[in-house]
Amino acid sequence: MTSTQPESALSRVVLASNNAGKLREFSALFAPLGIELVPQGELGVPEAPEPHVTFVENALAKARHASQLTGLPALADDSGLCVAALAGAPGVYSARYAQLANPRAERSDEANNALLVSKLAGVPDRKAWYVAVLVLVRAHDDPQPLIGEGLWHGEIVDAPRGANGFGYDPHFLLPDLGHTAAELDPAQKNRVSHRARALKQLLDKLPPR
């Protein structure tokens with residue numbers, strides 16, 4: 001027997017992240033559904049370990065961790081940037097890319113982007129894609145977590161452009177739009193991003209509310 005909660009319990013969901021950028025994006029995406037997202041830090045939930053080598057395993061571990069400590073349904077994502085010329089790196093290590101290369105480096109978007117650009121110096125192939133895997137558990141022991149995956153293809157540019165977004169967005173160029181992800185209006189980004197695509201997949205699996 002499972003302790004999975006009914007769908008009506010999804011009016012309040014803990015977001016298994018303290019990333020302010022993710023909270024803004026997900027809150028905007030979930031608001032039209034009448035679902036309030038609460039960052040785990042407000043509920044005293046510490047960061048969960050992310051020891052896995054796949055996006056889906058890390059996202060599931062984070063969601064179960066947050067749900068177990070709060071008793072609420074939980075949403076987690078694991079996302080990152082994959083670069084073709086770097087054999088898919090930084091991948092699941094996107095948020096701590098610079099720290100893995102130099103443990104004394106600060107954990108920041110600027111440090112990660114600087115390392116990425118340096119790794120691609122003189123490399124003609126700039127193809128890259130964002131990956132987002134979203135996992136929603138209705139209880140910590142939910143036997144059927146809802147999972148959505150989204151990909152967003154682009155290429156890496158050396159010079160940062162745009163003041164919106166976060167992470168690698170200023171260097172992630174969308175050739176069809178002629179803009180980086182950081183140059184997009186937030187509402188536009190929320191319609192076309194990897195997270196928006198992953199969320200659509202996930203919500204398509206929810207029964208009608």
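Which side chains meet in a salt bridge at 3.0 Å, N to O? Those of Arg126 and Asp158 do. A salt bridge here is a side-chain nitrogen of Lys or Arg within 4 Å of a carboxyl oxygen of Asp or Glu. The structure holds twelve of them.

This is a predicted model, in which local features need pLDDT of at least 70, side-chain atom pairs count only at pLDDT 80 or more, and totals for chains, interfaces and linings use all residues. Residues are numbered from 1 along each chain as its sequence is written, and side-chain values use heavy atoms, with hydrogens and water left out.

**Confidence**

- The average pLDDT of the chain is 90, and 94% of the residues score at least 70. pLDDT is the predictor's confidence in each residue, from 0 to 100.
- Residues 1–8 have a pLDDT below 50. This stretch has 17 contacts in the model beyond near neighbours in sequence. Contact means heavy atoms within 4.5 Å.

**Helix 1 and its buried face**

- Helix 1 covers residues 20–30. Helices (H or I, at least four residues) and strands (E, at least two) are DSSP runs, numbered from the N terminus.
- Its buried residues are Gly21, Lys22, Glu25, Phe26, Leu29 and Phe30. Buried means under 20% relative accessible area, exposed means over 50%, and partly exposed lies in between (1.4 Å probe, protein chains only).
- Seen down the axis of helix 1, these residues fall within an arc of 145°, so they line one face of the helix. The arc is that of the directions from the helix axis to the C-beta atoms.
- An α-helix has 3.6 residues a turn, so residues three or four places apart point the same way.
- The buried residues pack against four strands and two helices, namely strand 1 (12–15), strand 2 (36–39), strand 3 (74–83), strand 4 (127–137), helix 5 (186–192) and helix 6 (194–203).

**Salt bridges across the chain**

- Arg195 pairs with Glu25, with the closest N and O atoms 3.3 Å apart. Arg195 lies in helix 6 and Glu25 in helix 1, so this salt bridge ties together parts that are 170 residues apart in sequence.
- Arg195 counts as buried at 4% relative accessibility. Glu25 also counts as buried, at 7%.
- Arg126 and Asp158 form the salt bridge of the opening question. Arg126 lies in the loop between helix 4 (109–119) and strand 4, and Asp158 in the loop between strand 5 (146–156) and strand 6 (172–174), so the pair ties together parts that are 32 residues apart in sequence.
- Arg126 is buried, with a relative accessible area of 16%. Asp158 is partly exposed at 44%.
- Lys189 forms a salt bridge with Asp169, the closest N and O atoms being 2.4 Å apart. Lys189 is in helix 5 and Asp169 in the loop between strand 5 and strand 6, 20 residues apart.
- Both Lys189 and Asp169 are buried.
- Salt bridges that share partners join Glu25, Asp77, Asp169, Lys189 and Arg195 into one network.

**Two buried lysines**

- Lys189 has a relative accessible area of 4%. Not counting residues up to four places away in sequence, Lys189 touches Glu25, Trp152, Gly165, Phe166, Asp169, Ala181 and Leu184.
- Lys62 sits in helix 2 (residues 55–70). Lys62 is buried, with a relative accessible area of 7%.
- Leaving aside neighbours within four places in sequence, the contacts of Lys62 are Ala16, Ala48, Glu50, Ala76, Asp77 and Asp78.

**The loop between strand 3 and helix 3**

- Most residues other than glycine have a negative phi, and most peptide bonds are trans.
- Ala87 is found in this loop. Its phi is near 55°, a positive value in a residue other than glycine. Ala87 counts as exposed at 78% relative accessibility.
- Pro90 is in this loop as well. The peptide bond from Ala89 to Pro90 is cis, with omega near 0°.
- Tyr93 also has its place in the loop, which leads to helix 3 (97–101). Tyr93 counts as partly exposed at 32% relative accessibility.

**Nonpolar surface patch**

- Val53, Tyr93 and Leu100 make a nonpolar surface patch of about 290 Å².
- Patches are made of residues with over 30% relative accessible area and no salt bridge; like charges are joined within 9 Å, nonpolar side chains (Val, Leu, Ile, Met, Phe, Trp, Tyr) within 5 Å.
- Accessible areas come from the Shrake-Rupley method with a 1.4 Å probe; for residues, only the protein chains shown count as cover.
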